[in-house]
Every structure is written in structure tokens, then in C-alpha cells.
Amino acid sequence: MYNIKDAIEDIQKANPNADMKTIEEALINTIQNEILPNILINIALPKGPSPGQLKILEFRSRRGGIRVKERFEKLQKNINLLKNLEYVKAKLEYIKYINSSQEYYFYNGSGNQFYTFAHPDFIGKTDYGDPFALLDETREYMRPRLISEISKSFLKIDIMESIIGKIKEEPVFKSFIKIVETSLRRTKYEYEISNININELRDYEIPSWSKIIINLTSKTDDFDESITIWDSIQKHVRDDLISKTKELSEDEKELFNIYLKNLYFHMELPEE
Amino acid sequence: MSELIDVLSQDIEAILAAFNEENYGLMNILSNRFMANATFLKNGVNFLPGFIYKDISQNFRRIKNLRTDTFATAKADCRPILEKIKDYYLDSEREPTDLWFVYLEYYITVREHLLSDIERKAYGTNLDYTRFTFTWLLEFLNESKDLLLHDKNRLLNGILNEMDRTLRCHSGRLEEIVSFSLLRALTHIYTYQIFEGSIDERKKIFPLLDDVISVLSEDKINLNKCLEILSNILSEWRKYYMRYMEVKIMREISIEKGFELPEDVKEKISESISKTLGEEIE
């Protein structure tokens, strides 16, 4: 599914000079003020159970065990959500109906004053409260999550001390690490990884022995999913590195292949 | 006096720690602090480390904000140069002007990370073109300098903008790094002169600008003289800061205004949220 990271990439392509703060604001404002109301106005809401059916389910839940009670509580929550959504939808449709200049307007009920929907003070000023209470709550709920998603979407990659000097001194190694980093940031599983560090293992008795270790920290607790992510990421990075070798001279290629041969991916796996 | 010099080396330690923590806002403040402390120490103090570290903090803020794919590599690549600036500064055997060469080394290293993918593929190193462009821009600045007295002019920023993108796309030699540094330092104080508002205050830019243009027009660049001028401008800038603190007139103009999201992005986000919400209420 299209996620925040995809959106940021697309916005950056369209606005290459915009900084992250501007993109963040534009994205959040558009979701809050434009996308969300449009979704709510157009959403097809399912019909909930009739009052009679609901009463029967309530009686059953009283007689049933814990699980039946929990299922009924969940159902009640969903019904409340539906009611609220229906209410917001109806009010938004009304606003759209009275809209005369391509903007959403809302009559505040106490006089003849109208506010544009996108006005930042709008929700606080309306006398109705209810129609947009849910929207307001949704906005408050969404904003910190959106900001957190945006900041999370830039993967944290640390290059460990042991490698820093080598990057400076060996151009081929630098080029190798650059591809590794770029590839890691472009894998479709970037979103599933919380942290990466790139390290080097050495044996000081055998100076030529060196292994580059990519330590991945997965967000998931699922064993099979972790295996899939680990497998996919290492294949993706290796493929990118192999395709780069075509552009290298013979000497560079030889070095590059040594690094490639000594590249390992490590991930702590959850228990099966 | 050695205790006073210790204060500057402590500033540098803090700057390096801020870089390692990726706290580039703090790194910028600490670099300014270095230059303020250098102002108190007056003669013979080299402002260049603070100036270079400030530039590094701004470049890395940009690299991180733009979510550059090679951010971690850039950091690893430049880290030893930050250490080198400190070592050179503390090594009394070295000439203060040696730091100009470290600055050039830093710029050449960071440049590839400041370019977009498309720019990186398209542009090579065109040093003669950069030299030509800088000469043209300095002449243009000299001819148009009276404009600096006008309210709405953006001459210095306009010149710097062209220099910045020319350096990024085509790279440059030491002379261009020095020219860019001197003009950028000049912009720091010009911001305050515009803010202060009087014509007399604005006219104070001219002797400094003449010094800069004159030293940059010499056949062979005089690195000592350039360092002296830079330190003088930066010292004046820190004094302006003490008088007026932070002023935002230039920055406000340069901030990119909010923009409309592309329609296809709106549609895709909309689809995703609809789908999630649909699943939730099913």
C-alpha cells in the first residue's frame, strides 16, 4: 500500500528544493484539511445490525463467556464509530450543498456567520461541536502519528568507527558502501526496519581477513516475516552491488568482488 | 592566554560531539559560539575553524533534510576532515592558512552528496568554467554594488546563489572556496545593516566589500590577507549579533512558501486511507 514514505518521495520529486519541514507541513495540512474530509464525504458506510438484532446480541453476551462479551463490546465500539461517521458525512454533504465558491462553508447555527472549512479556528468556533468533534479528534490523533511516521521514514543507518577510515582511504570501498547505503534506503522493506549499522569484523592475526556486517533490526515480532525481510533485503543489496560491477574497471571490479564476497547480513530473529 | 585558547578547543570538542549526534542545529550554534569567543580574544585568532564548522552544519542539515540516500556515507566520509580541522588548529607548527586547504578538501568530499541523482550523473568537474563564472560574478557585483543601498535588493544573496550552485555542480579550486567564504561572511553582516535600516549603516558594507573584491582580484591569491579579512568580517558580525541578536529579515524571504501536493499523491494517499478506514469499519 502507498505509505507516507512513498508520498514524501513523490512530493520531493515534484518540489526538489523544499526542505523537510515544508514537506511535512504541506503533507499534514493536505491530509487534515482536504483528503480526510473528502474521504469522509465519499465513504460508503456499511449498515450495522438493526436495533432488534443488537438487543438479541446483547442478551447473548450477558449469558456468554468472556470472549462473547469482548466481541459484543467491540461491535458496540464499531457501531458508535459508524454513527459518528454517518453524522460527519451527513454534515459534510450539507456543507457541500450550500457551498457556492468551491470551498466548504459551515453555518454556525447562532447567527449568519460562515466559516471556511479549512480555517484553523473553525472547529473551535462552531456551536455544533458534534459534527466535527470526530474530525477534530481524528486530526489530533493523526498529527503526532503522521509526524512520527515522517521522521521514521528516514532510516537510521550508522557506519561504525572501524569502517570510517577505510571509506576515506579506499575509493572503491567508499563506492561499495555508498551503494550498500543507497540500496538499503530503497528496499521495499525499508519501512520494516528500525535501525541498521554497518560494521567490520577483523582478525588482527590475519590482517587480510575482514568481513563487513550489516546488522538489521526488524520491527516485526513474527519469525517468518523477519526471515522474508532479511532474505529480501540481502538479495536486493547484492543485486544492486552486482549490477554496479559492470561499470567498474578490471582492478576495481576485483576489489569490489572481494568486498561483496565478505558481505554478511545479520538480523536478530524473534523466537519461532 | 592558554586558558583562553583552551576555551576554543573546548568549543571544537562540543562541535564534534554535536556532529556525531547529528544535531546540526546545535552544531551551528556552537560554531557561532567559537567565533564569538574568537572575537573576545581579538588579534591573531583564527576564525576559520568556526566558519568551516558552521558551513558543515548547514550542509549536513540540508543532506539530512533532503533524505539523501548517502547520508550515512557522507557523514563517515567527512568525519575525519572535522578531526583534521581540529588537529590543524591546535598544531602551532602549522600555518593558519593551511586550514583553507582542509576546507577545500571538505568541499570536494561533501560535494557529491549535495547533488541530486540527476545532477550527479550529468555534471563533471569543470574547474575552468567555475573560475570564469566567479570572475564574471565578482565583476557584476562590483558594477552593481550601489544597489546594496536599496531596500528590496537581494544582490549579495543572488550572487551567492549562483556561486553556490556553480560550485556544487562543477566544483572549484581554492580561490573559489575563498571567494565564496568571504562573500558569505559579508552577507552575515549585511543582513544586520539592512535590518538597522539607515543609509549610513548600509554604507558601511562598501569598505569591506572593496577589501574583498580587491583581494580576490589579485593575480595570485593572498591566503593570509583573505584570512585576515574573513576574521575581521566575522568579528564584526558577532558584534552585530550582540547588538541586535537574531534577525530574520533575509531568512523569511528565503523560506520556500507552502505548496500544493501533486494531485496523484493526494489520490494515492486518499486511496490508502480509504482502504484502511474501509477495513476498520467492515
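**Salt bridges, strands and cysteines in a predicted two-chain model**

Q: Are A:Glu181 and A:Arg185 buried or exposed?
A: A quick heads-up: this is a predicted model. Residues under 20% relative accessible area go into the buried class, and those over 50% into the exposed one. On that scale, A:Glu181 and A:Arg185 both come out as buried.

Q: How many residues apart are A:Glu181 and A:Arg185?
A: They're salt-bridge partners, with their closest N and O atoms 2.9 Å apart. Both sit in helix H8 of chain A, residues 171-186. Along that helix the spacing is about one turn, or 4 residues.

Q: How far apart are N and O in the salt bridge of B:Asp117 and A:Arg186?
A: B:Asp117 lies in helix H6 of chain B, residues 117-122, and A:Arg186 lies in helix H8 of chain A, so this pair joins two chains. B:Asp117 is partly exposed at 34% relative accessible area, and A:Arg186 is partly exposed at 44%. The cut-off for a salt bridge is 4 Å, and here the N to O distance is 2.8 Å.

Q: Why does the pair of A:Lys156 and B:Glu22 join two chains?
A: The two side chains form a salt bridge, with the closest N and O atoms 3.8 Å apart. A:Lys156 is in the loop between helix H6 (130-152) and strand E3 (157-159) of chain A. B:Glu22 is in the loop between helix H1 (2-20) and helix H2 (24-41), so the partner of A:Lys156 belongs to chain B.

Q: Is B:Glu22 buried or exposed?
A: For contrast, look at its partner A:Lys156, which is partly exposed at 40% relative accessibility. B:Glu22 has a relative accessible area of 13%. The line for the buried class is drawn at under 20%, so B:Glu22 is buried.

Q: Which residues are linked with A:Lys156 and B:Glu22 in a network of salt bridges?
A: The link between A:Lys156 and B:Glu22 is itself a salt bridge, and the network takes in residues of chains A and B. Besides those two, its members are A:Asp158, B:Lys64 and B:Lys75.

Q: How many salt bridges does the count come to over all chains?
A: The pairs above are part of the tally, including A:Glu181 with A:Arg185 and B:Asp117 with A:Arg186. With the 4 Å cut-off, the count over all chains comes to 35.

Q: Which residue other than glycine has a phi near 55°?
A: Most residues other than glycine have a negative phi, so positive values are worth a look. B:Glu22, in the loop between H1 and H2 of chain B, has a positive phi of about 65°. Another case is in the loop between helix H12 (223-244) and helix H13 (249-254) of chain B, and it is partly exposed with a relative accessible area of 47%. The residue with phi near 55° is B:Met245.

Q: Which strands stand at the edges, each with a single partner strand?
A: Chain A has an open sheet of 4 strands in the order E3-E4-E5-E6, with mixed pairing. The twist from one strand to the next averages 20°. Edge strands have a single partner, so one side of each is left without a neighbour in the sheet, and here they are E3 and E6 (263-267).

Q: In E4(A), which residue is the bridge partner of A:Ile159?
A: E3(A) pairs with strand E4 of chain A, residues 193-203. That pairing runs in the parallel sense over 3 bridges. The E4(A) partner of A:Ile159 is A:Ile198.

Q: How many bridges join E4(A) to strand E5 of chain A?
A: A hairpin connects E4(A) to E5(A) through 2 residues. A:Asp203 has A:Ile206 as its bridge partner in E5(A). E5 spans residues 206-218 and runs antiparallel to E4(A), and the bridges between them number 10.

Q: How many disulfides does the count come to over all chains?
A: Take B:Cys169, which is buried at 5% relative accessible area. Its sulfur is 18 Å from the closest cysteine sulfur, in B:Cys78, so that is too far for a bond. A disulfide needs sulfur atoms within 2.5 Å, and the count over all chains is 0.

Q: What separates the centres of domain 2 and domain 3 of chain B, in Å?
A: Chain B is divided into domain 1 (1-99 + 110-115), domain 2 (123-245) and domain 3 (255-282). Taken over C-alpha atoms, the distance between the centres of domain 2 and domain 3 is 44 Å.

Key:
Residues numbered from 1 in each chain as written. Chains lettered and ligands numbered in written order. Predicted model: local features only at pLDDT ≥ 70, side-chain atom pairs only at ≥ 80, totals over all residues. Heavy atoms only, no water. Buried < 20%, exposed > 50% of the residue type's maximum accessible area, 1.4 Å probe, protein only. Domains from an automatic or database assignment. Pairing = 2+ DSSP bridges. Axes fitted to C-alpha atoms, helices over the stretch in contact; angles between N-to-C directions.
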